[in-house]
Amino acid sequence: MDEFWSVVERARAAAGTAADQPRRDGQPSAVAEALVAELMRLPLPHIVAFDQVLDEVVDQADTWDVCAACWIIEYGFLSDDGFSDFQAGLVGLGRRAFESVVRDPDSLADHPAVRQISASEGRDLWIGDEALQFAAETAYEQLTGNSEAFWDAVEATRSATPPEPSPEPDDDRWDLRDEDEWRRRLPRLLELFRARRLAME
């Protein structure tokens, strides 16, 4: 786990100030691009291992409170893919921020990227980072020149067929329309995005 986060932090350092800023629609992910470069310095088995740890890390943020944070920060959009992108984007914010969000999703209200989104007038700033989800696959393909090699390597490391992931978090679901629940669970995000949230209802 420490090595995983070490690679992420090196990528964040290479990305510079962009690492703690939201991305605009169509803008490449500086962290994901730097992460691909970092992964390409590793042996191929380590790239596969990184991707496996990424799955384990992201699973820590698979809760309804994090899901609710995604819903309000990313303009009321909440698809399975959108939530996966959001979780990957949280990894891109670095270990300290990610672990803080796992403990208390409301801590996102203090992050500069989230505050920048809350202050924006349009709907083109995002935390979600699809490219980071596929950084290991991209690095592997660039090193081998084979688009299938990564998934062959992933399959070879599996001792048995893994269970199908649930499309929903495992903890107790709550009604995103219930303002009392927002006030109890995510009070700072509610305050930060209150005007936008009311407009979405």
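At what angle do helix 1 and helix 2 pack, and how far apart are their axes? Keep that in mind as you open this predicted model and walk through it stop by stop.

**Stop 1: helix 1 against helix 2**

Select residues 2-15 for helix 1 and residues 30-39 for helix 2. The two pack at an angle of about 125°, and their axes are 8 Å apart. Because angles over 145 degrees would count as roughly antiparallel and 65 to 115 as roughly perpendicular, this angle makes helix 1 oblique to helix 2. Turn the view until one helix lies over the other, and you will be looking at a right-handed crossing.

Now show the side chains. On the helix 1 side, pick Val7, Arg10, Ala11, Arg12, Ala14 and Ala15. Facing them from helix 2 are Ala30, Val31, Ala34, Leu35, Glu38 and Leu39. Colour this contact by class and you get nine nonpolar residues, three charged ones and no polar ones.

**Stop 2: helix 2 against helix 9**

Keep helix 2 on screen and add helix 9, residues 135-144. Here the axes come within 9 Å and cross at roughly 50°, which means that helix 2 is oblique to helix 9. This crossing, too, is right-handed.

Which residues of helix 2 meet helix 9? Select Ala32, Leu35, Val36 and Leu39. Their partners in helix 9 are Ala135, Ala136, Thr138, Ala139 and Gln142. By class, the contact holds seven nonpolar and two polar residues, with no charged ones.

Pause on Leu35 and Leu39 before moving on: both belong to the contact with helix 1, and both also meet helix 9.

**Stop 3: the second largest pocket**

Next, centre the view on Ala18, Ala19, Gln21, Pro22 and Arg23, which are the closest to the centre of the second largest pocket among the 18 residues that line it. The pocket has a volume of about 230 Å³. Helix 2 appears again here: helix 2 and helix 5 (80-92) each supply at least two residues of the lining. Coloured by class, the lining divides into 10 nonpolar, six polar and two charged residues.

**Stop 4: helix 3 against helix 10**

For the last stop, select helix 3 (residues 44-60) and helix 10 (residues 149-157). Their axes come within 10 Å and cross at roughly 70°, so helix 3 is roughly perpendicular to helix 10.

Show Val48, Asp51 and Gln52 in helix 3, then Phe150, Ala153, Val154 and Thr157 in helix 10, which they meet. This contact has four nonpolar, two polar and one charged residues.

Conventions. Residues numbered from 1 in each chain as written. Predicted model: local features only at pLDDT ≥ 70, side-chain atom pairs only at ≥ 80, totals over all residues. Heavy atoms only, no water. Axes fitted to C-alpha atoms, helices over the stretch in contact; angles between N-to-C directions. Helix = DSSP H or I, 4+ residues; strand = E, 2+ residues; numbered from the N terminus. Parallel < 35°, antiparallel > 145°, perpendicular 65-115°, else oblique. Left-handed = near helix turned anticlockwise from the far one by under 90°. Contact = heavy atoms within 4.5 Å. Nonpolar A, V, L, I, M, F, W, Y, C, P; charged D, E, K, R; others polar. 1 Å grid on protein atoms, 1.4 Å probe; cavity = no way out; pocket = protein on both sides within 12 Å on 5 of 7 lines; lining within 4 Å. Points joined across faces, edges and corners; volume = space filled by probe spheres on them.
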